[in-house]
Amino acid sequence: MRKVYIDISMIMIGTKFTGIPRVVMELVKRIAKADDLELVFVEYNLSKDAFEIIDKDKFIEFCNHGKDQRRKMRTGRILAFEEIEKDSVFFDIDTVWKTRVRRSFLYPILKKNGVKIITHIYDIIPVSHPQFCAKDEILNFVDYFGATLDYADEIVVNSKATKDAIDDVCQTINHESKEIKVVPLGGDFTKKIYDENSVSDEVKKIVANGKYVLMVGTIEPRKNHRLILDAYDLGLDEGMQVVFAGFIGQGMDELTKRIENYKENNEKVWHLGNASDADIDYLYRHCFALTYPSYIEGFGLPIIESFARGVMVIAADTAINMEIGGDRAVYFKQDAAEELKDTINSLLKETDKQAELKKLIEGYEPPKWDDTALRMAEILKDK
């Protein structure tokens, strides 16, 4: 039985369980079923300057059913960093660069004690695109990323694009390349069919109002929502609406004001900051196309979520978008508003092209979380 330690400090204090926390929970509840693996969940305890062991069964129950009893998960059992035993695995899959335990401090201790370190890196945006990140996030991430390059035995990523980005950094700084394994994330979230009665009146109004392009996800600079508004201003045919579904992140005051100042705000240009899962699903299923102009992504899950619902995708021609979207999507040159406008308008007119894309999407099976977890478990078991 191989013991695997997982630091869930950020989940234990978190308030939102989307993005990386959602990934952690999907993986945990499946890997926990693997033979020959004993999972140990830990949280950093500031007063003891050590880890505290979290009740395994209660945390897995939380991952499975979402019933929040995190206060009752803390056991009071303290685990010093030096007590993590030889030949065990320390598996970092959460947003651990945000914790108080710097990996430049922790990893050398683990390495000295013969612990195998496996780090799951979702992206290296604070390194490759620091202009989209806060200064403290950049500094914290650089510490984590540097420690990973120096001490991790294996790195797991979700896309070839992220692997290539890490390899480029290693080459640039003349650092020895690491063993990097690509394990795509699951995307089979769409099995649930929501009752239409649970969809908000506002969302139903949008759908009844005519065709719209949709963008799903947090509104933040790297997502490039601005470009869709630029394309709208240049003129979208057939009264095309623009719908943004996602809460407002930091540094987006200018975009928020721009949306609010449209005379067509809440008529043709929409922002839904608190859309429910049912609302999001309904918006996906009824949109003309997902529009995805993001500058950089770790995986691009909305592309997969669109395909799984039979929805066309119009995406920027970035490496990650083209890796995930393949020949099923339509691409435009990154940051080219005129080309985005022309791409949307052309697709509106080209019914044959729409039929071709929908044929390619038909029967699409997204990567499965079970397969992701199985591959992760195999990596953890590997000697």
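In which loop is Asp49 found? Asp49 is found in the loop between β2 (37–45) and β3 (50–54). The model in which this residue is placed is a predicted one, and the paragraphs below pass from the chain as a whole to individual residues.

The protein chain contains 16 helices and 14 strands. Its C-alpha atoms fill a box of roughly 65 × 50 × 40 Å when the box is taken along the principal axes. A compact globule of 383 residues would have a radius of gyration near 21 Å, and the protein chain, with 22 Å, agrees with that expectation. Of the 383 residues, 52% are buried. When contacts between residues at least 6 apart in sequence are considered, 75% of them join residues at least 24 apart.

The accessible surface of the protein chain comes to about 17700 Å², and carbon and sulfur atoms account for 47% of this area. As for charge, the chain carries 54 positive and 66 negative side chains. The centres of these two sets lie 3 Å apart.

Helix α1 (residues 9–13) is the place of Met12. Because its relative accessible area is 5%, under the 20% limit, Met12 counts as buried. Leaving aside residues up to four places away in sequence, Met12 touches Glu43, Ile54, Arg70, Met73 and Arg74. For one of these partners, Glu43, a C-alpha distance can be given: Met12 and Glu43 are 31 residues apart along the chain, and their C-alpha atoms are separated by 7.3 Å.

The next helix to consider is α2 (residues 19–31), where Glu26 has its place. Is Glu26 buried or exposed? With a relative accessible area of 12%, Glu26 is buried. The side chain of Glu26 is joined to that of Arg30 by a polar contact of 2.6 Å.

Beyond α2 the chain enters the loop between α2 and β2, in which Asp35 is found. Asp35 has a relative accessible area of 56% and is therefore exposed, since the limit for that class is over 50%. Asp35 and Arg2 are 33 residues apart along the chain, with 9.4 Å between their C-alpha atoms.

The discussion now returns to Asp49. This residue has a positive phi of about 50° although it is not a glycine. Most residues other than glycine have a negative phi. Asp49 is partly exposed, with a relative accessible area of 45%. A positive phi is also found at Asn174, which is likewise not a glycine and for which the angle is about 60°. Asn174 lies in the loop between α7 (160–172) and β8 (180–182). At 72% relative accessibility, Asn174 counts as exposed.

Two further loop residues can be described through their C-alpha separations. Gly66 has its place in the loop between α3 (56–65) and β4 (74–79). At 43% relative accessibility, Gly66 counts as partly exposed. Gly66 and Asp7 are 59 residues apart in sequence, and their C-alpha atoms are 19 Å apart in space. The other residue is Glu196, placed in the loop between β8 and α8 (201–208). Glu196 is partly exposed at 45% relative accessibility. Apart from residues up to four places away in sequence, Glu196 touches Lys204 and Tyr282. Between Glu196 and Asp279, which are 83 residues apart in sequence, the C-alpha distance is 9.0 Å.

The final residue on this route is Gln354, found in helix α15 (residues 351–361). Gln354 is buried, with a relative accessible area of 13%. What lies 2.7 Å from a polar atom of the side chain of Gln354? It is the backbone oxygen of Leu347. Leu347 also appears among the residues that Gln354 touches, which are Phe288, Met312, Leu347 and Leu348 when residues up to four places away in sequence are not counted.

Note on methods. Residues numbered from 1 in each chain as written. Predicted model: local features only at pLDDT ≥ 70, side-chain atom pairs only at ≥ 80, totals over all residues. Heavy atoms only, no water. Helix = DSSP H or I, 4+ residues; strand = E, 2+ residues; numbered from the N terminus. Buried < 20%, exposed > 50% of the residue type's maximum accessible area, 1.4 Å probe, protein only. Polar contact = N/O pair within 3.5 Å; in protein donor to acceptor, adjacent residues only side chain to side chain. Contact = heavy atoms within 4.5 Å. Rg over C-alpha atoms; globule rule 2.2 N^0.38 Å. Areas by Shrake-Rupley, 256 points an atom, 1.4 Å probe, with all protein chains shown as cover. Lys, Arg positive; Asp, Glu negative; His and termini not counted. Charge placed at Lys NZ, Arg CZ, Asp CG, Glu CD.
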